[in-house]
Each structure stands twice: as structure tokens, then as C-alpha cells.
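Reader: Please take a close look at one part of this model, the largest pocket, and set it in the context of the chain. I would like the cut-offs behind each term as well.

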Amino acid sequence: MKITDVSQPNEEDFEALKLGLNSFNERFTGSLYREKVAAFVKDDSCQTVGGILGEIKWGWLHVEGLWVSESVRSKGLGSKLLTHLEKFALSKGISNFRLETTSFQALDFYKKQGYTIFGELDDMPPNYTSYFLKKQKGI
């Protein structure tokens, strides 16, 4: 047995690690629905000018990222993307949503969307605070 040097993993090793971890976890949780999801805003030229990325896992939608180009901001697209992804999750029976944002990003935006802070981490990234938010809806 040996421990390798720290490096970027190749896809095969990464998948082996994920499979092992998921197999261990599912002994406790049972098999749960899991899916990576995304939606995008395309302009008239079919260029991406915004989008939202997420993953449904362990009965929660984790919003991993939401971005709207400055050229089309203030048109409600961020709210529409978030609502669109939440509705998709609800259609899959998922009514718990979570995300992270930082103090220089969109904390007030997410609060206006009904998210509440359940944790924060100072100096992440350095000189800023990361906030962990959730929103839970009944089905």
C-alpha cells in the first residue's frame, strides 16, 4: 500500500472514489435520487448570457452557481432562473433547496427569494464571508 502524491485526480480514480463513498453512504441512507441539472439564458445569437447549475442529492437541490451577464442584468432573469430550477426540483419531489454565496455576491438577492442563512464562514475567501442559505417548501 502507498499514498500517492497530492495532484489532480484522473477521471478513473475520481470515479472510483465517488463510487466507494456513495456505496458507503447508501448503506445508511438507501438509494436516493441524484441528478445534475442546469438551465441557461441564450440571447438571439444563441450565446449563453446566464445560467444556473445545480445538483439534486440526498433529498435537496444544491444550487451550485447562478450567473447573469452584466449586459442583461436587472431584467429579472436571475429570479426566473432560480424559480425555474426550484420548480423542476419540486416536480421531482424535492422541496429542500440550499446554496452558498459570499459577501461580495448576492446575499440580499437570495434573501429576497425566500432563502435564510443557516451558517456563515468568515475569511472564505480571504477578507470576505461565505453564507450558507436554505429554503424549504412543503409539497
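Author: What follows starts with the chain as a whole, goes on to the pocket and two residues around it, and ends with some backbone details.

The model is predicted: local features need pLDDT of at least 70, side-chain atom pairs count only at pLDDT 80 or more, and totals for chains, interfaces and linings use all residues. Residues are numbered from 1 along each chain as its sequence is written, and side-chain values use heavy atoms, with hydrogens and water left out.

The protein chain has 3 helices and 6 strands, in the order α-β-β-β-α-β-α-β-β from the N terminus. Helices (H or I, at least four residues) and strands (E, at least two) are DSSP runs, numbered from the N terminus. Along the principal axes, the C-alpha atoms fill a box of roughly 55 × 40 × 35 Å. Of the 139 residues, 29% count as buried; buried means under 20% relative accessible area, exposed over 50%, and partly exposed in between, with a 1.4 Å probe and protein chains only. Contact means heavy atoms within 4.5 Å. Among contacts between residues at least 6 apart in sequence, 46% join residues at least 24 apart.

Now the pocket. A pocket is defined on a 1 Å grid over the protein atoms alone, as an open set of points where a 1.4 Å probe fits, with protein on both sides within 12 Å along at least five of seven lines; lining residues have an atom within 4 Å of a point. Grid points are joined across faces, edges and corners, and a volume is the space filled by probe spheres set on the points. The largest pocket holds about 450 Å³ of space. Its lining consists of 21 residues, and Leu66, Trp67, Val68, Ala106 and Tyr110 lie nearest its centre. Two or more lining residues come from each of strand 3, helix 2 (77-91), strand 4 (96-102) and helix 3 (107-112). Strand 3 gives the largest share, 6 residues.

Leu66 lies in strand 3. Leu66 counts as partly exposed, because its relative accessibility is 22%. Leaving out residues up to four places away in sequence, Leu66 touches Gly51, Ile52, Gly78, Leu81, Phe109 and Tyr110. Leu66 and Lys135 are 69 residues apart along the chain, and their C-alpha atoms are separated by 16 Å.

Phe109, one of the residues that Leu66 touches, lies in helix 3. At 23% relative accessibility, Phe109 is also partly exposed. With residues up to four places away in sequence again not counted, Phe109 touches Leu66, Gly78, Ser79 and Leu82. Phe109 and Thr83 are 26 residues apart in sequence, with 13 Å from C-alpha to C-alpha.

Some backbone details remain. Most residues other than glycine have a negative phi, and most peptide bonds are trans. Trp58, which is not a glycine, has a positive phi of about 60 degrees. Trp58 lies in the loop between strand 2 and strand 3 (60-68) and is partly exposed, with a relative accessible area of 44%. Cys46 has a positive phi of about 70 degrees and is placed in the loop between strand 1 (35-42) and strand 2 (48-57). Cys46 is exposed, with a relative accessible area of 56%. The peptide bond from Met124 to Pro125 is cis, with omega near 0 degrees, and Pro125 lies in the loop between strand 5 (116-122) and strand 6 (129-136).
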